[in-house]
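Thanks for coming, everyone. Please take a moment to look at the structure on the screen before I begin.

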Amino acid sequence: MAAEGQAFPTGTRQAAVRRPPGRPRSEVARAAILTAASALLDEAGCAALTIEGIAARAGVGKRTIYRWWPTKGATPTSTT
C-alpha cells in the first residue's frame, strides 16, 4: 500500500519520462509543409514564396512552420 501522500509504495516508484515542454511536433504537418513549399517553388519561384502561402497550401498555421524553420529562407532549402 502507498503511504499517505505517495503515489507508489516506497522503492517501486518509476522514473518519470521527461519530454520537452509544449505540444510535440507533427511529422504529418512537416511533410505537408515541405510538399507545399516545393510545389509553390515549382509554380512561382522563390521570390513569390511566402510563409502565408505555404501555410495555406499545407493546411497549417504560420506558427507551425516557424516551429520547424526559424526563417522563410530556411524552409525551401529543406525541400532539396
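I will go through a helix, a pocket and a pair of rings.

This is a predicted model, in which local features need pLDDT of at least 70 and side-chain atom pairs count only at pLDDT 80 or more, while totals for chains, interfaces and linings use all residues. Residues are numbered from 1 along each chain as its sequence is written, and side-chain values use heavy atoms, with hydrogens and water left out.

Let us start with helix α1, residues 27-44, which has 18 residues and reaches 25 Å from its first C-alpha to its last, close to the 26 Å expected at 1.5 Å a residue. Helices here are DSSP runs of H or I with at least four residues, numbered from the N terminus, and the expected span is 1.5 Å times one less than the number of residues. Serine 26 caps the N-terminal end of α1, with a side-chain oxygen 3.3 Å from the backbone nitrogen of valine 28, and just after the helix glycine 45 takes a positive phi of about 85 degrees. The buried residues of α1 (under 20% relative accessible area, with a 1.4 Å probe and protein chains only) include Ala29, Ile33, Leu34 and Leu40.

Turning to the rings, the structure holds one aromatic pair. Tryptophan 68 and tryptophan 69 form this pair, which is tilted, at 6.1 Å centre to centre and 40 degrees between the planes; rings pair if their centres lie within 6.5 Å, and tilted covers planes that are neither under 30 degrees apart (stacked) nor over 60 (edge-to-face). Both tryptophan 68 and tryptophan 69 are buried.

Technical notes. Helix = DSSP H or I, 4+ residues; strand = E, 2+ residues; numbered from the N terminus. Buried < 20%, exposed > 50% of the residue type's maximum accessible area, 1.4 Å probe, protein only. Polar contact = N/O pair within 3.5 Å; in protein donor to acceptor, adjacent residues only side chain to side chain. Phe/Tyr/Trp six-rings, centres within 6.5 Å; stacked < 30°, edge-to-face > 60°.
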